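This report looks at one helix and at the charged side chains that pair up in a protein model. Please keep the sequence and the structure in view while reading.

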Amino acid sequence: METITQFVSNASDFLWNVILIILLCGTGIFFTFRLKFIQVRKFKDGLKIVFGNMKLKGDKSQHGEMTPFQSVATAIAAQVGTGNLTGAATALIGGGPGAIFWMWVSAFFGMATIYGEAVLAQKFKTVKDGEVTGGPVYYIRQAFKGRFGKILAACFAVFIILALGFMGNMVQSNSISAAFTEVFQARNIHVEPVLFGVILAVITGFIFLGGVGRLSSVVEKLVPIMAGIYIVGSVALILMHITAVPEAFRMIIVGAFQPKAVLGAGAGIAVREAIRYGVARGLFSNEAGMGSTPHAHARAKAKNPHEQGLAAMISVFIDTFIILNLTVFSILTTGVLSSGKEGTALTQSAFCTSFSGFGDIFVAICLFFFAFSTILGWHFFGQVNVQYLFGRKMTKIYSLIVVLFVIVGSALKVDLVWSLSDFFNGLMVIPNALALLALSGTVVLICKTYDKKDSKKS
């Protein structure tokens, strides 16, 4: 097992240390300038679109479509998962506090990237088997005609099924089992981690059987509630350590360029590691440029592609600049970074400093709902691509395999699970980013068209 873990880790490092950092950040910077900093100019409009359509019981749409809020809730359900609690902690351990700065940078530019993804998903959505569908496989085929486009789209479909449907959902179940195992161990109670995987598999399997309708109905209720509970608890913890906030900011800014100045002369973390972990964990958290959330945005019954793009930007903001930052500052202000804990246990340790006897339970419960919602979203994203490759008849078999991976993931070592997820996440970025760049002119034209209409209205 150690040999496999090392091999996967090396392959993942090869992808992430240079190729994907340049491709992801480069794409985000490119779109930011071509769209004239749309994430700043249209931020207020994006908020109005998302929260102006917020309902805990959305309107029913035809052909499997979602309301704009349901599509954003589904996207956030996929984005707000273990990356916000466990991923933030692993980024701090692997890349030091400076990794968070690079998370912020990649998320800022990623808001422009995800605008492009959502616009193209809406522009090239189609009706298949009686349902509205869309996503990167459809706009990849538009970007690259002929055999090359077909092969690239098929590669993306395979990568996302492996990355999210299988490997990614193992990460989610692994983090849930680790969180609850930590709770029971702290109370000298032994429970096999796989038990939590079985319970999770039963619940998710029930929702999988209900299709897109049941999925959208669950996430539109679950996402606002779960986010609200975690925000209240995190803000309370940070306020208890409010005097440590300036030092936390200093550690992040200085650590981004001089990790040793924050962690000490003996630290083995270089600036490259801070960037690598920041971008990789940031992607795992907000998914901008990865090609996952366009599947939800394609289903939205939006007024136009531009508005859905603006809504998509807000999902990245909520994920990274609000929820993920709450975890980061909870860890840094409580001083548990040097405790020797890793992953979920580090986040739980932070909450236990002020909420002794309950902090670890609070994190475990929040993580359950975060990871649970992500499993639902990622299963759906993979399902769209299974249907694209093999037709609807294979989706039930795919759902069964996902359920099995949820169970297996709960019992694996965390290092192997994260390395596998990083590797396949990296692979799916490449065809998606190539298509985004090839179709950038289409995105810019749509943006300009609706910018002119907005200026006439004002």
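The text below takes up helix α6 and then the salt bridges.

**Helix α6**

The model is predicted. Helix α6 runs over residues 98-123, and its 26 residues should span 38 Å at 1.5 Å a residue. The C-alpha atoms at its ends are 38 Å apart, which agrees with that expectation. The helix nevertheless has a kink of about 35 degrees, centred on G110. Of the 26 residues of α6, 23 are buried, so the rest of the structure largely encloses this helix.

**Salt bridges**

Side chains of opposite charge can pair when their charged atoms come close. How many salt bridges does the structure hold? There are five. Three of them, with the distance between nitrogen and oxygen, are listed here.

| Basic residue | Acidic residue | N to O distance |
|---|---|---|
| R41 | D451 | 3.2 Å |
| K42 | D45 | 3.6 Å |
| R187 | D360 | 2.9 Å |

The side chains of R41 and D451 meet in a salt bridge. R41 belongs to helix α2 (residues 38-41) and D451 to helix α20 (residues 440-457), so this pair ties together parts that lie 410 residues apart in sequence. Is each partner buried or partly exposed? R41 has a relative accessibility of 36% and therefore counts as partly exposed. D451, at 18%, counts as buried, because the cut-off for buried is under 20% relative accessible area.

In the bridge between K42 and D45, K42 is buried, with a relative accessible area of 9%. D45 counts as partly exposed at 28% relative accessibility. These two residues do not stand apart from the pair described before: R41, K42, D45 and D451 are linked in a network of salt bridges.

Another salt bridge joins R187 to D360. Where do these two residues lie? R187 is in the loop between α8 (146-186) and α9 (193-209), while D360 is in helix α17 (residues 359-390), so the pair ties together parts 173 residues apart in sequence. R187 counts as partly exposed, with 31% relative accessibility. D360 is buried, its relative accessible area being 5%.

To sum up, α6 is a kinked helix that is largely enclosed by the rest of the structure. Among the salt bridges, R41 with D451 ties α2 to α20, and R187 with D360 ties a loop to α17.

Notes: Residues numbered from 1 in each chain as written. Predicted model: local features only at pLDDT ≥ 70, side-chain atom pairs only at ≥ 80, totals over all residues. Heavy atoms only, no water. Helix = DSSP H or I, 4+ residues; strand = E, 2+ residues; numbered from the N terminus. Expected span 1.5 Å × (residues − 1). Bend = angle between axes of the 7 residues up to and from the residue. Buried < 20%, exposed > 50% of the residue type's maximum accessible area, 1.4 Å probe, protein only. Salt bridge = Lys/Arg side-chain N within 4 Å of Asp/Glu carboxyl O.
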